[in-house]
Amino acid sequence: MKAAVLTEWEKIEYKEVPKPQINEGECLVRVAYAGICGSDLHIYNGHHPTAKAPVILGHEFVGVIEALKTSQPTTFKIGDRVVVEPLISCNACEACREGNWHVCRTLKLLGIHTDGAFAEYVKVDLKKVIKISDRLSDRVAALTEPFAVGFHVNQRAGLKNGDNVLVIGGGPIGLIVGMVAKIGGAAQVIFSEINPARIKQIESFGFTTINPTQNGAMETLNQLTNNAGFDVVFEVSGSQPGLSFAVQACKIRGTVVLVGFPAKEPECDNLKVFFKELKLVGTRVYTFTDFQKTTKMLENIVQQKLFDLEKLISDTYELKDLEQALLVMKAGGNLGKILVKL
Ligand SMILES: [Zn+2]
Ligand SMILES: [Zn+2]
């Protein structure tokens with residue numbers, strides 16, 4: 001089969017590799033679309049702490065079951081359209097034993113630590129496969145993984161109907177987090193963003209934005225919440241100013257959810273956390289249930305036309321051009337998700 005293999009850091013080779021052989025309890029998925037994640041770029045750059053080359057990346061994908069091998073009863077059959085929850089947990093650590101497989105002490109991902117979906121075929125544990133409805137197009141279904149991140153962080157926030165929500169950082173994940181918050185009953189979702197192109201993109205989805213580097217940004221925010229501050233602030237930028245702004249904009253006894261991965265260890269204004277009795281909440285990937293429910297949420301978004309999800313996809317590349325797509329991302333040239341079409 002054809003695959004785009006990361007042979008060494010900063011090098012992708014499009015070449016012929018053996019088709020994966022499936023074992024008991026596994027299936028072979030013929031990939032239709034695979035999304036490129038920020039972490040793929042991170043790995044390509046050689047900055048990921050645990051990834052190793054050579055590997056076939058790609059953990060956000062949709063496809064069709066081509067073959068399966070199981071002696072157990074199964075609801076899956078050849079030809080099913082599926083998405084795949086890509087977490088690989090050890091099943092032995094204390095987190096796994098308590099059922100929190102997504103925060104496994106040695107968590108790994110299909111498509112980061114094992115061969116993933118930037119290839120014609122990928123082999124997958126049947127327990128990780130989720131059948132999708134025909135109402136979901138391949139392109140929208142390829143967004144399930146990033147939407148599962150958005151779903152999970154909203155769960156972690158304990159978002160309630162009528163909450164005022166601030167999202168700091170309006171890249172693809174920030175936008176998704178804001179959409180899920182809106183669907184989840186937020187009274188208003190405001191974005192803090194500094195990049196003019198992104199501001200345009202966010203506003204095209206009907207959201208209000210503020211630019212924190214402009215004068216009067218905090219006053220504008222205060223007006224939007226009648227000086228109360230935000231019930232929930234999602235810090236998606238991973239930046240120091242973002243975190244400082246988050247604890248400042250959050251209301252007394254509000255919740256700051258840490259979504260963006262910080263480039264270096266950030267400093268937090270503990271005095272604000274202390275005096276306002278803020279909740280700081282960490283988040284990591286998603287649970288299997290989050291992933292399953294996300295496919296239903298995507299169906300609702302499409303059926304009820306809540307958001308135009310096609311607008312979230314900024315470009316589509318062929319598999320042989322994966323490296324080119326990564327370089328576009330590296331240069332910051334993409335506003336939304338980039339998909340690879342197989
Ligand atoms: Zn991802
Ligand atoms: Zn574990």
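**Two domains and a shared core**

Five residues of domain 1 are in contact with six residues of domain 2, and I would like to begin there, with the side of domain 1 that touches domain 2, whose residues divide into two nonpolar, one polar and two charged. Please keep in mind throughout that what we are looking at is a predicted model.

Let me say where these domains are. Domain 1 is made of residues 2-131 together with 308-341, while domain 2 covers residues 147-282. If you take the C-alpha centres of domain 1 and domain 2, they lie 29 Å apart.

Now for the chain as a whole. It holds eleven helices and 17 strands, and its C-alpha atoms fill a box of roughly 60 × 40 × 40 Å, taken along the principal axes. Does that go with an extended or a compact chain? For 342 residues, a compact globule would have a radius of gyration near 20 Å, and because the chain has 20 Å, the value agrees with a compact globule. Of the 342 residues, 45% count as buried. As for the contacts in the chain with a separation of 6 or more, 69% of them come from residues 24 or more positions apart.

That brings me to the interior. The largest nonpolar core has 106 residues, and those that touch the most other members are V29, V31, F118, V177, V233, F234 and V340. Strand β3 gives the most to this core, with eight residues. Where does the core lie with respect to the domains? Domain 1 and domain 2 both give residues to this core, so the core lies between them.

I would like to stay for a moment with one of those residues, V29, whose place is in strand β3, residues 26-36. Why does V29 count as buried? The cut-off is 20 or more other C-beta atoms within 10 Å, and V29 is buried because it has 28 of them within that distance. Leaving aside residues up to four places away in sequence, V29 touches G63, V64, I65, E66, V82, V84, Y121, V122 and V124. Take Y121 from that list: V29 and Y121 are 92 residues apart in sequence, and yet their C-alpha atoms are 5.6 Å apart in space.

A helix gives us another view of the interior, and the one I have chosen is α8, residues 240-249, in which the buried residues are G242, L243, F245, A246, V247 and A249. What do these buried residues pack against? Their partners are the strands β10 (164-168), β11 (188-192), β13 (230-235) and β14 (250-258), along with the helices α7 (217-224) and α9 (270-275).

For contrast, let us turn to D308, which is found in the loop between α10 (288-303) and β16 (313-318). Is D308 buried or exposed? A residue is exposed if 12 or fewer other C-beta atoms lie within 10 Å of its own, and D308 is exposed because it has 11. The C-alpha atoms of D308 and I173, which are 135 residues apart along the chain, are separated by 15 Å.

Next, a small piece of strand pairing at the beginning of the chain. Strand β1, residues 2-8, and strand β2, residues 11-16, pair in the antiparallel sense over six bridges, and within this pair L6 stands opposite I12 in β2. The hairpin of β1 and β2 has two residues between the strands, and in it E10 takes a positive phi near 60 degrees.

E10 leads me to some other places where the backbone deserves a careful look. E277, in the loop between α9 and β15 (279-282), has a phi near 50 degrees, a positive value in a residue other than glycine. V285, in the loop between β15 and α10, has a positive phi of about 30 degrees although it is not a glycine. What are the surroundings of these two residues? E277 counts as exposed because it has 9 C-beta neighbours inside 10 Å, whereas V285 counts as buried because it has 21.

The last backbone detail concerns a proline, P54, which lies in the loop between α1 (38-44) and β4 (60-69). The peptide bond from A53 to P54 is cis, with omega near 0 degrees.

To come back to where I started, five residues of domain 1 are in contact with six of domain 2, and the largest nonpolar core, to which both domains give residues, lies between them.

Technical notes: Residues are numbered from 1 along each chain as its sequence is written. Chains are lettered from A and ligands numbered from 1 in the order in which they are written. This is a predicted model: local features need pLDDT of at least 70, side-chain atom pairs count only at pLDDT 80 or more; totals for chains, interfaces and linings use all residues. Helices (H or I, at least four residues) and strands (E, at least two) are DSSP runs, numbered from the N terminus. Two residues are in contact if their C-beta atoms, placed from the backbone, lie within 7 Å. A nonpolar core is a set of buried Ala, Val, Leu, Ile, Met, Phe, Trp, Tyr and Cys residues joined through C-beta atoms within 7 Å. Domain bounds come from an automatic or database domain assignment. Ala, Val, Leu, Ile, Met, Phe, Trp, Tyr, Cys and Pro count as nonpolar, Asp, Glu, Lys and Arg as charged, and the others, Gly among them, as polar. The radius of gyration is taken over C-alpha atoms; the globule rule is 2.2 Å times the number of residues to the power 0.38. Two strands pair if DSSP finds at least two bridges between them.
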